[in-house]
Amino acid sequence: MSSDASNELLVAAEAAATGASGPTNGGSGNRGAKRRGLSERNRPLWMLIPGGALMIIIIIVPLLLGIYIAGLDLDQYTLRKWISAPFIGVGNFVEALSHTPLLRSVWLSVSYSLLAMIVTLPLGIAAAVATQNAFKGRALVRSIFLIPYVLPSFVVATVWRTMLQPDGIVDKVLGTVGVHPGLWLNGPQSYWTLVLVQIWASWPFIYLLALAGLQAVDHEVHEASALDGALWWKKLRFVVFPYLKGPLSLAVLIGMLHHINNFTLPFVLFGVPAPSDVEVLPILTYVTSFQSFRFGLSAAMAFVSLVLIAIPLFVYLRAVRLDDGETPGGTK
Amino acid sequence: MRIGKSARLGLVAAFSATTLMLAACGGGADSGSGSTGSDGKVDGTGKTLNVLTGVISQHPEEQKKWFTDIAAKFKAETGANVNFETFASANDELTRIQTSVVSGQGPDVYSLGTTFTPTAYATKAFVTLTDDDWNKVGGKDRFNPAALGISGPDEKNQVGVPFVSRPFVMAYNKELLAAAGIDKPATTWDGLLDQAKKLTGNGVYGMVTGYKDNFDPWKFIWAMSVQAGDPIVDGDKAKLDDPAVKKAYETYFGWLTKDKVIDPNAVGWSNSNALAEFAAGHAAFFPMTTSNSIPTLENSAVAGKYAYAVMPTTPPGKTAPATDKPAASILSGDNVVVADYSKQKDLAFAYLKLITSKDEQLNYQKIFGDLPANAEALKSLDNPLLAPMADAAAQSAATPFTGAWGDIQLALTNVTVQSIPELSSGGVSDSALTDRLKDAQSKSQASLDRASKG
């Protein structure tokens, strides 16, 4: 979690930097036609070798191994000599799609991520806008806003689980106003519990990136819009929000992937075996791997979900063109 | 950035692959084999034995001291050093075992929970002890025979050397029982229920258990089913569709929904929550607990007012035991196994001989509360609190020795997990239970089919 957090801070800083340099020049990502000749010919590409080699070892090789394992009938009986485990081709994929709750898990994962994102997005933006102008105690408020984000997932989940237990603090408080909500951690409502806790834990991430985007709005822009007589909503809608497009698209993307990949939260909140309403992808993959020891099958599941998630991701990336420097976030 | 993102996705895809890869990449130094001297003593001078064992979170300081003491004794005996490594959770343990199994290197000696032994056996990565090997450990007859029940699929193929027993028993509140005029806990499940009904009232519940626990539910179902004559696994056939299993679930669920002898909030409790309730004096019986509840109870409101008893061995609906297999508890505790790839097996056996000796076992019991697997040591215990536990240890029955057991255990627990919403709202309908059992049966059978192929 801690390395995750520092990664995200880096990403946020990066986004802020791109945002800041965006409107004036293309920054490092600029592949403007005018400079192409010189800069592309003499680029010191060899400097990519260390990073490239690391990526091959850390990302490409395990990914390929994962795909290979998805073709093996690898379980506790064959694990010891896993290289010689029987190769069954697409057998695991067929089983994953036809005999396991994989598709349902994909649906649960994607829908819960999306729901959490839809709620956290306005929350985060509102919090960022609210703490944009200086006021007494702003630093304190900003720090408090970050608390859910710096707490390890494990702690967040444990605390929420304790609060949401039958007859726990939440039930008691609601009981005093005559509401008896029923079970939080089992049954259909557990899905909403997961969404709720995810929102609580992840809105500061949106807040952080929105804040970074807001910092990038030049002072002159504020002055110019004031001169033009724009009131706060018009200014926010037509002047400030366009600056946030870049950082927030990134935030939505990373946030969604975070939610989809979040294992700790559902695992600690609900335990294993999980109620079927919250059997999200990471839980299903975990149980298949480490409770049933079906390593091949779970690799196939993970690969199917990778593809399923990668398709909309790719379309989205092309649509918002986050991956090239030609359309920086600040463009209106 | 794009690669960064696919990396996150790739991580999911390559989850197991990474584990395997890391193992394959990790280099390791081999150590020479221990030589056995003419006096039968192993000379391990200059060698180091690596031992992986679980961390005892209730007694971290005591465990460290135990490590140092044992290492000193082992050094005096063989001249070799012992290097202890600990794992914090079952998950941690599994990962370690998996990497070692794949890479063929790692600790020489592993400590395993009994129900995990079949899975470990299925990987064929651990030494099956020959008669000669057993002699090096001090002879098979030094162990409580019941404790050997889950060391291997049969007597000729055993990998696990019993280290400690942690049989499950029932704690009860002597004061509450005396106030209700009950002189001792019943020995049938029906009788226990009647007593619990009598004890429920005035803010006290007759019984307490955690329906949300990840293990307790299957232990109840297993015990009641085996007592009724259904072994759950018969050869390579799963028998979760047997009426005995259904009856067990109905009884277990009924305590809460029909008989109301358990606090309705128990649908959200784990075993430790249930223990806390019992410790606060809110319940009269606490079935399915072990000796490691003693430290908690000794420092609680019920200190001095509680005792343990063997859990009922007569299945629900019957008045006398239905089989000659009492199954008072699952055979529970720790086994120690020696890795097949170890280059110093003799040294490993010498270590096992030391830690399973009568004196060391009694010493361990005194510090950590777990019962000895050593027969003589077990017999010599005279603490009255422990007597029922020793009884339960002798009447324990092993869970089926199959690599599929993990899946079956999961399927049994899953029936409870998916029933919790209905448990909380009044009752689990017969059709819902039947459907869930059908699902559990088919999953278990599928897993057993793989096991018989493997």
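Biologist: What covers the buried residues of helix α10 (residues 243-257) of chain B?

Modeller: Bear in mind that this is a predicted model. The buried residues of α10(B) include B:A244, B:V245 and B:A248. Their cover in chain B includes α8 (189-199), β8 (205-207), α9 (216-227), α17 (405-424) and α18 (430-453).

Biologist: How many of the 15 residues of α10(B) are buried?

Modeller: Buried here means under 20% relative accessible area. Residues that qualify include B:Y249, B:T251 and B:Y252, along with the run B:F253, B:G254, B:W255, B:L256 and B:T257. The helix is largely enclosed by the rest of the structure, because the buried count is 11 of the 15.

Biologist: How far apart are the end C-alpha atoms of α10(B)?

Modeller: Let's start with what to expect. At 1.5 Å a residue, the 15 residues of α10(B) should span 21 Å. The model agrees with that, with the end C-alpha atoms 20 Å apart.

Biologist: Over to the strands. Which strand of chain B pairs with β5(B) in the antiparallel sense?

Modeller: Strand β5 of chain B takes in residues 109-113, and 4 of its 5 residues are buried. With strand β3 (residues 48-54) of chain B, β5(B) pairs in the parallel sense over 2 bridges. The antiparallel pairing runs over 5 bridges, and the partner there is strand β13 (residues 333-338) of chain B.

Biologist: Which residue in β13(B) is the bridge partner of B:Y110?

Modeller: B:Y110 belongs to β5(B), where B:Y110 is the bridge partner of B:L52. In β13(B), the bridge partner of B:Y110 is B:V337.

Biologist: Now chain A. Is A:I56 buried, partly exposed or exposed?

Modeller: A:I56 is in helix α3 (residues 49-70) of chain A. Buried would need under 20% relative accessible area, and exposed over 50%. At 46%, A:I56 is partly exposed.

Biologist: About what area does the nonpolar surface patch with A:I56 have?

Modeller: A:I56 shares that patch with A:L54, A:I57, A:I58, A:I60, A:V61, A:L64 and A:I67. Together they make a nonpolar surface patch of about 700 Å².

Biologist: How much of the accessible surface of chain A belongs to carbon and sulfur atoms?

Modeller: Chain A has 15 helices and 0 strands, and 46% of its 332 residues count as buried. Its accessible surface comes to about 16,900 Å². The share belonging to carbon and sulfur atoms is 69%.

Biologist: And in chain A, what share of the contacts between residues at least 6 apart in sequence join residues at least 24 apart?

Modeller: Contact here means heavy atoms within 4.5 Å. Among the chain A contacts you describe, the share joining residues at least 24 apart is 72%.

Technical notes. Residues are numbered from 1 along each chain as its sequence is written. Chains are lettered from A and ligands numbered from 1 in the order in which they are written. This is a predicted model: local features need pLDDT of at least 70, side-chain atom pairs count only at pLDDT 80 or more; totals for chains, interfaces and linings use all residues. Side-chain values use heavy atoms; hydrogens and water are left out. Patches are made of residues with over 30% relative accessible area and no salt bridge: like charges are joined within 9 Å, nonpolar side chains (Val, Leu, Ile, Met, Phe, Trp, Tyr) within 5 Å. Accessible areas come from the Shrake-Rupley method with a 1.4 Å probe; for residues, only the protein chains shown count as cover. A salt bridge is a side-chain nitrogen of Lys or Arg within 4 Å of a carboxyl oxygen of Asp or Glu. Helices (H or I, at least four residues) and strands (E, at least two) are DSSP runs, numbered from the N terminus. Buried means under 20% relative accessible area, exposed over 50%, partly exposed in between (1.4 Å probe, protein chains only). Two strands pair if DSSP finds at least two bridges between them. The expected span of a helix is 1.5 Å times one less than its number of residues.
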